[in-house]
Amino acid sequence: MQQQQHMQQQHMQQGTARVGPRAGSDVGSDVDVNDFSRQLEDVRRRAAALAGHPADAPALEQGMLSQAVAALMATLEDLCVAEERLRREAEERRAAGGHDGDDVSVAPGADARSDAERRRFQELFDCAPDSYFVTDAHGSIYEANRAAAALLNVPLDLLIGKPLVLFIDQGARRDFMARLRQIPTAPETLHWVLPLSPRERPRVHASITVSDIRQADGSLLGVRWQMRDVTEQRRTEDAQRFLAEAGQVLATSLDYHATLATLARLAVPRIADYCLIHEVEEGGAISQVASSHADPAKDALLHELGHLRFPDPADPRSIVATVLRTGQPALYSELPAEMVADVAADARVLHILAALRPTSLMVVPLPARGQTIGAISLATCDAQRVYDASDLALAEELAVRGALAMDNARLYRSAERASQAKSDFLAVMSHELRTPLTTVIGYAELLADEIVGPVSPLQKEQLGRIRGSGEHLLRLVEEILTFVRVEAKQERVYIEEACIADIVTSTRTLIEPLVTRKGLHLAMRVPEGDARMRTDIGKIRQILVNLLANAVKFTERGEVGLAVRPEPGRTVFEVWDTGIGIAPQHLEHIFDAFWQVEHHATRRAGGTGLGLSVVRNLVELLAGDVAVASAPGSGTRFTVTLPVPAQLAEA
């Protein structure tokens with residue numbers, strides 16, 4: 001104790017001596033004491049203004065005040081050190097018997113001024129908004145201000161003599177002692193963030209600035225610790241990082257149940273020991289759709305709650321049901337056991353909740369498009385971990401992101417159902433249409449072949465038109481069926497050996513009547529010899545027929561053509577025309593299902609709008625690529641490139 005009192009006295013006598021990088025500076029006559037006094041009065045006034053409502057004070061104002069205090073303390077230290085140095089030098093000269101001409105006198109009132117400056121320093125030290133500790137080289141506290149006592153929630157007189165390490169969070173004490181040993185040899189002032197354990201209060205994080213206190217001869221006298229509570233700042237930064245991560249993770253999947261499971265896992269253990277997610281089903285029923293517990297052994301208990309009709313939406317005491325009904329969050333910093341019993345009449349539910357031992361609870365709604373589509377229940381099982389308003393705000397931010405992801409997943413699921421219903425309808429109607437169409441075409445052929453009696457040339461011409469129209473309609477039906485199979489991922493690829501010339505010939509047979517009817521020229525360019533490939537012949541033929549039929553549809557005069565070019569490891573098919581071409585803004589849409597340039601009922605070219613979409617889907621099934629080049633009035637050229645599993649040599 002005597003040593004501590006001696007150090008404290010020495011510290012006060014030397015005005016906290018010199019600090020870190022300022023050691024060795026020469027001050028004295030160039031310091032305006034009157035200006036210093038005016039600055040001190042300004043700091044006093046600002047500190048008094050903040051004292052009544054420090055929590056509401058703007059961070060900028062508090063920061064500026066802290067800087068002003070630090071600057072004044074540095075100036076006052078220099079004044080005190082300079083005064084003490086002059087007084088000591090005068091005493092040394094007097095003791096040495098001073099010569100004539102030597103100024104061996106101390107300025108009148110020097111001791112009084114020194115005492116006044118030291119009192120000013122103590123006053124400034126006490127009114128500083130930041131926490132200040134002064135310790136010896138081993139970390140024992142021998143001076144602290146009122147802000148330091150408030151930070152640690154310990155009376156000021158009980159701090160003196162205690163090792164500072166006692167108030168450091170247990171998990172950070174080893175690091176603290178290591179940094180303390182570095183201070184005597186540290187080249188500059190140290191800064192870091194340290195977790196503190198105040199008495200009977202939650203842990204806080206403090207931003208720390210550490211400076212050494214040295215005597216005039218440079219020997220280490222002690223250490224000054226400046227601390228600022230940055231718990232809320234750090235908490236805000238952590239919350240923003242967590243929410244950003246949550247937003248990214250939740251956006252990675254459109255699977256409904258996967259999204260909800262991810263949301264539950266994100267909350268544990270970051271903001272809860274366990275999490276339950278409920279949704280409002282059609283008809284108003286409440287169902288548990290996801291859960292997560294920090295203890296994997298208790299996950300089964302959470303799953304069991306989902307099968308016990310808990311909570312009961314008809315029970316007015318149900319917290320979850322109330323949140324879902326009102327859309328307002330609920331926060332219970334403490335959750336008494338009798339409260340759990342009140343809202344859970346089922347014995348098994350009571351047993352599960354007793355095993356979970358929730359002590360603090362938040363239930364926040366999941367809002368989407370003006371409705372509450374679900375709720376997240378977050379609970380802690382540690383009495384030391386108590387929810388407050390900031391926890392509720394974080395949970396609500398998470399709920400907003402979770403609700404958006406959940407709503408997107410629900411909309412996607414609805415869209416999938418609608419798409420499946422459309423595909424089922426198209427498939428049924430196409431099958432129903434194909435049977436009578438086949439019959440119409442068959443009877444037209446029987447009549448044209450005079451199987452049931454002679455027909456006139458004019459009648460044969462009319463029968464030919466019936467047959468052609470029937471075949472055209474049958475191709476449209478087959479086009480729809482192919483689209484439905486591909487979209488439902490039911491289309492299969494059957495690879496076989498094929499002669500390229502045979503594929504082109506069969507394609508020509510199917511497309512030539514359309515070309516002849518419009519008076520166009522059909523150009524075919526095939527490789528010489530018996531070039532062969534392995535592919536799905538039926539799908540290749542359908543790709544080429546669709547492209548050629550599309551070319552004929554939009555060409556009034558000139559030609560349409562097909563060229564096949566075998567290349568190493570692939571085969572290239574080109575289909576071109578001299579038709580109206582395609583505007584640049586439409587090129588990216590032409591492969592979309594049901595999309596057509598002319599949407600109105602009087603469009604010149606008919607069709608389902610599926611031909612090119614089927615082409616692209618079939619090409620992708622064959623692991624190929626399709627490209628288009630076109631300009632208005634200059635025709636269009638489609639290029640289909642198909643990799644060949646095994647290009648066969650010419651026979």
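How are α17 and α18 oriented to each other, roughly parallel or roughly antiparallel? To find out in this predicted model, select helix α17, residues 537-553, together with helix α18, residues 611-621, and look along the two axes, which lie 9 Å apart and meet at an angle of about 150°. Since angles over 145 degrees count as roughly antiparallel, α17 and α18 are therefore roughly antiparallel to each other. The crossing in which α17 passes α18 is left-handed.

With both helices still selected, show the side chains that make this contact: from α17 they are Lys539, Gln542, Ile543, Asn546, Leu547 and Asn550, and from α18 they are Gly611, Leu612, Val614, Val615, Leu618, Val619 and Leu621. Coloured by class, the contact of α17 with α18 shows 8 nonpolar, 4 polar and 1 charged residues.

Keep α18 in view and add helix α15, residues 457-487, whose axis is 10 Å from that of α18, the two helices packing at an angle of about 45°. An angle of this kind falls outside the parallel, perpendicular and antiparallel ranges, and α15 and α18 are therefore oblique to each other. Here too the crossing is left-handed, with α15 passing α18. On the α15 side the contact is made by Glu479, Thr482, Phe483 and Val486, while α18 contributes Gly611, Ser613, Val614, Asn617, Leu618 and Leu621. This contact of α15 with α18 has, by class, 5 nonpolar, 4 polar and 1 charged residues.

Return next to α17 and follow the chain into the loop that leads to β15, residues 559-567, where threonine 555 lies. Threonine 555 has a relative accessible area of 0% and is therefore buried. If you display its surroundings, leaving aside residues up to four places away in sequence, you will find that threonine 555 touches Lys518, Leu520, Val560, Asp577, Thr578 and Gly579.

Now move to helix α11, residues 319-326, and select Ile319, Val320, Ala321, Val323 and Leu324, which are buried. Just after α11 comes glycine 327, whose phi is positive, at about 75°.

For the last stop, select cysteine 381 and cysteine 499. Are these two buried or exposed? Because buried means under 20% relative accessible area, cysteine 381 counts as buried at 18%, and cysteine 499 counts as buried at 10%. A search for disulfides across the structure returns 0.

How values were computed:
Residues are numbered from 1 along each chain as its sequence is written. This is a predicted model: local features need pLDDT of at least 70, side-chain atom pairs count only at pLDDT 80 or more; totals for chains, interfaces and linings use all residues. Side-chain values use heavy atoms; hydrogens and water are left out. A disulfide is a pair of cysteine sulfur atoms within 2.5 Å. Buried means under 20% relative accessible area, exposed over 50%, partly exposed in between (1.4 Å probe, protein chains only). Helices (H or I, at least four residues) and strands (E, at least two) are DSSP runs, numbered from the N terminus. Axes are lines fitted to C-alpha atoms, for helices over the stretch in contact, and angles run from 0 to 180 degrees between N-to-C directions. Angles under 35 degrees count as roughly parallel, over 145 as roughly antiparallel, 65 to 115 as roughly perpendicular and the rest as oblique. A crossing is left-handed if the near helix is turned anticlockwise from the far one by less than a right angle, and right-handed if clockwise. Contact means heavy atoms within 4.5 Å. Ala, Val, Leu, Ile, Met, Phe, Trp, Tyr, Cys and Pro count as nonpolar, Asp, Glu, Lys and Arg as charged, and the others, Gly among them, as polar.
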